[in-house]
Amino acid sequence: MIDLLGYGAFFTSTALIFGLIALGLNLQWGLTGLFNVGIAGFVAIGAYSSAILTTPDAADRVGGFGWPILAGWLAAACITALAAAFTGYATLRLKSDYLAITTFGVAVVVQLVALNAQGLTGGPFGVAFIPRPFASLQEHAVAFNFANLAVIASVVLATYLALERLSRSPWGRVLRALREDERAATALGKSAQSYRIQAFAVGGAVMGLAGAVQAHFIGFIAPDNYLPTLTFQVWAMLMVGGSGSNRGAILGAIVVWAIWVGSGSFTAAIVPSDLQARAASLQIVAIGVMLCLILLWRPQGFFGAGRKK
Amino acid sequence: MNLQFLLDGLIAGSMIGLGAIGVTLTYSILRFSNFAHGDFMAWGAYAALAVVGAIGGSLPMAPLSFGWPLLLAMVVAMGLTALLALTLDWLLFARLRARGQSIIVVMASFGASMALRSLLEFMFTSRPTYFSRAIQIAQPVGFGIRVTADQVALLLLTLALVVGMHLFMQRSQRGREMRAYSQNPALARVVGIDVDKVVRATWIIGAALACASGVMVGVLVQIRPLMGLDLLLPIFAAAILGGIGSVPGAVLGGLIIGLSEAAAVQFVGAEWRAAVAFVILMAVLLVRPMGLFGVAER
């Protein structure tokens, strides 16, 4: 029973972190219509930033700054926002597809830096000993899990409220107007490019924050955590939840993560161990097909406001 | 200084260029960047592998590591890859295109790409495989450069495909229609161009060239489900560098990217190879977003 409670807290924490990433994506895509295929890259930037700034000194890489966790999270959000703003600056005055291609490239390069710049990122071995909130509770597994869940839930809640507020503010209205009818909005004197860069940067900041929160939740990061599959999962979450809705983003994250974990342990239970890698790839096929089917038949998602685009 | 990297870059560049032709055509005619294009390469390579297996035996032709069965298999696989592209278009892209939001089509191609790639991993596992395990002896050709017979043959094949493509686009009726449609879809409709045929031709050409490129990667390097994903960024960068819609631009862009990658391997380190395409892409977007042969947006 205790185990189950602990696992429930762990599962919810993981799902909520995905929800946080999906919230960032919803600002970029749902509200502004910017297509980001490099989510994993931005999450990784946040995770590595905070990890490097907060970890104790390590022999073979820069570090030893020993910042408090909260300062690391803030820095992660700011650094990721800068990276996103630069990506947006380079591409958003051009065709919309160029942003997609460039974010794809960002993810590739971040992965490469994480793997090869050993002096900065620890290379394939990653960064360990990332301070965890409430580390003093670690002996009491359940209390520790729930304390972490509380931290993560409050971060998600705060971000949710801030984003809700933001999307109702004049700033959010401009973004929606730009998405619906760019010509009319620019005719009213709103600079499409500048607003889009802002939205992309703020969405990036949320993704970076999510990466940092996840890094401190697990306590260890490595390049393998940030493969294209992550990008893909978050997209599936937002599409299931319904793009444009912050509530949908979080609900979609929980549902898709439950399906992902559930089908994972299901195949692990029935498929012989030598075929497990194959079964895992079938899981991705299923999600890919699902994403396409949603695009075809239910583009507004399942939990969204149902508002027609 | 060892000049071998020039040859390596030329070969990598021609494979990237063949892929970029498909991307640039899809972008200029169907108006979306197809993230599944790399997976057409991988599917093409595996299709050729399956056909070679079905024919049985490789019967290598003297200095080459492959023989006529592989060439035959490549032609069959090109057809199969085209069939795959047409099926995807019919099931997915055409329906979404009809709704008129091009970014949704991009997203669908992203989902399809993930599914296609993982399906290959499911069927063939992620372990690399080869058309032939024979070792080829590289012959010196001067300036410290060594070349294998396979490399020469495939460079010639690329040259033939590119010249053929160029003539097709410039001289044939269908090629002219494709160019007309990419420049002005509305006007092309008015003068009676059959849009469905243009769309079909675009998919067939793009997929067939992707398959050829995939088979070449398979002959010279190896076949893996992720081979297409790894080439996707260089291909996009090449298409944008060359100027969207330009076939010679795509090939030239591919060669530039391939040579730069090889130079980076030589002078910076092999582990940074994949970053080269990104650096070039960013430079093009910041300095000359229309590319080398592109036309400015209206």
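Residues 6–30 of chain B are 100% helix and 0% strand, with the end C-alpha atoms 35 Å apart. The model is a predicted one. That stretch is one of those that UniProt, in an unreviewed entry, lists for chain B as "transmembrane region"; the full list is 6–30, 42–62, 68–91, 103–120, 152–169, 203–223, 235–260 and 272–296. Another of them, residues 103–120 of chain B, is also 100% helix and 0% strand, and its end C-alpha atoms are 26 Å apart.

Chain A has a comparable annotation. In an unreviewed entry, UniProt places "transmembrane region" at residues 6–27, 34–53, 65–86, 98–121, 141–163, 199–220, 249–271 and 277–297 of chain A. Over residues 249–271 of chain A the model gives 96% helix and 0% strand, with 32 Å between the end C-alpha atoms. Residues 34–53 of chain A are 75% helix and 0% strand, and here the end C-alpha atoms are 30 Å apart.

Just before residues 34–53 comes A:Thr32, in the loop between helix 1 (2–31) and helix 2 (39–54) of chain A. A:Thr32 counts as buried because its relative accessible area is 3%, under the 20% cut-off. A polar atom of its side chain lies 2.7 Å from the backbone oxygen of A:Leu27. Apart from neighbours within four places in sequence, A:Thr32 is in contact with A:Leu27, A:Leu175, A:Arg179, A:Arg196 and A:Ala199.

The two chains meet in a contact that takes 44 residues from chain B and 43 residues from chain A. The area buried between them is about 4000 Å², and carbon and sulfur atoms give 80% of that area. The count of salt bridges between chain B and chain A is zero, while six residue pairs are in polar contact, both residues at pLDDT 80 or more. On the side of chain B that touches chain A, helix 3 (68–98), helix 4 (102–124), helix 9 (227–242) and helix 11 (273–287) each supply at least two residues. Helix 4 of chain B gives the largest share, 17 residues. By class, this side of chain B has 34 nonpolar, five polar and five charged residues.

Salt bridges do occur elsewhere: the structure holds eight over all chains. In one of them, B:Asp89 pairs with B:Arg97, the closest N and O atoms being 3.0 Å apart. B:Asp89 is buried, with a relative accessible area of 8%, whereas B:Arg97 is partly exposed at 23%.

A further salt bridge joins the side chains of B:Asp230 and B:Arg224, at 2.5 Å from N to O. Here B:Asp230 is partly exposed, with a relative accessible area of 45%, and B:Arg224 is partly exposed at 23%.

B:Arg273 and B:Glu261 also form a salt bridge, with the closest N and O atoms 3.3 Å apart. B:Arg273 lies in helix 11 of chain B and B:Glu261 in helix 10 (residues 247–267), so this pair ties together parts that are twelve residues apart in sequence. B:Glu261 is buried, with a relative accessible area of 5%. B:Arg273 is partly exposed because its relative accessible area, 35%, falls between the 20% and 50% cut-offs.

How values were computed
Residues are numbered from 1 along each chain as its sequence is written. Chains are lettered from A and ligands numbered from 1 in the order in which they are written. This is a predicted model: local features need pLDDT of at least 70, side-chain atom pairs count only at pLDDT 80 or more; totals for chains, interfaces and linings use all residues. Side-chain values use heavy atoms; hydrogens and water are left out. UniProt positions are given in the numbering used here, feature names are shortened, and annotations may be inferred rather than shown by experiment. Helices (H or I, at least four residues) and strands (E, at least two) are DSSP runs, numbered from the N terminus. Contact means heavy atoms within 4.5 Å. Buried area is the accessible area (1.4 Å probe) that two parts lose on being put together, summed over both. A salt bridge is a side-chain nitrogen of Lys or Arg within 4 Å of a carboxyl oxygen of Asp or Glu. A polar contact is a pair of N or O atoms within 3.5 Å; within protein, one must be able to donate a hydrogen and the other to accept it, and residues adjacent in sequence count only if both atoms are side-chain atoms. Ala, Val, Leu, Ile, Met, Phe, Trp, Tyr, Cys and Pro count as nonpolar, Asp, Glu, Lys and Arg as charged, and the others, Gly among them, as polar. Buried means under 20% relative accessible area, exposed over 50%, partly exposed in between (1.4 Å probe, protein chains only).
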